[in-house]
Amino acid sequence: MRHIYEFIKILNSSLNKDFVNYEKRKREVNLETCSNACKSNFLKEIDRLHSNIKTFDLNKPLTIEETIEDKKSPINTKSTFGREIIFLIDHTIHHFAFIKIIANDHEITLPESIGLAFSTRAHN
């Protein structure tokens, strides 16, 4: 959950700069052991994202910086705020799938829809 939270926080914090780098984030490891802090911070960033969706144009241009090869300079690609929201949704669903696998290993049953992409649900 910390990882998902940090990606949402990075996007929220980057909108005024028009530049996003998901790799350069402060890893808040305390959120891995304190579920109340994790939940509280996560909900704050979700609320902030909802507010940003109402404030910013989904077509707002953003530059995404990412390193794709060890010891190489990062590359920049063009994106939009709306496209990055779609990325965050897909990224979150992807990680929820892993959470579901771990929960199942501990005999914890989660709803079948957890960790399934919308396109997968549409085709089942």
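**Helix packing and a three-stranded sheet**

Student: Which residues in α1 meet which in α2?

Tutor: On the α1 side they are Ile-4, Tyr-5, Ile-8, Lys-9, Leu-11, Asn-12 and Ser-13. They meet Asn-41, Phe-42, Glu-45, Ile-46, Arg-48, Leu-49 and Asn-52 in α2 (contact: heavy atoms within 4.5 Å). This is a predicted model: local features need pLDDT of at least 70, side-chain atom pairs count only at pLDDT 80 or more, and totals for chains, interfaces and linings use all residues. Numbering runs from 1 along each chain as its sequence is written, and side-chain values use heavy atoms, leaving out hydrogens and water.

Student: What angle do α1 and α2 pack at?

Tutor: About 35°, with the axes 9 Å apart (lines fitted to C-alpha atoms, for helices over the stretch in contact; angles run from 0 to 180 degrees between N-to-C directions). Helix α1 spans residues 2–14 and helix α2 residues 35–55 (DSSP runs numbered from the N terminus: helices H or I, at least four residues; strands E, at least two).

Student: New topic. What order do the strands take in the sheet?

Tutor: β1-β2-β3, in an open sheet with mixed pairing (at least two DSSP bridges between two strands).

Student: Which strands stand at the edges?

Tutor: β1 (19–20) and β3 (75–80). Each has a single partner strand, so one side of each lacks a neighbour in the sheet.

Student: How many bridges join β2 to β3?

Tutor: Six. β2 covers residues 61–66, and the two strands run antiparallel.

Student: What stands opposite Ile-64?

Tutor: Thr-77 in β3.

Student: And where does α3 lie?

Tutor: Across β2 and β3. Helix α3 (residues 81–105) runs at about 100° to β3.
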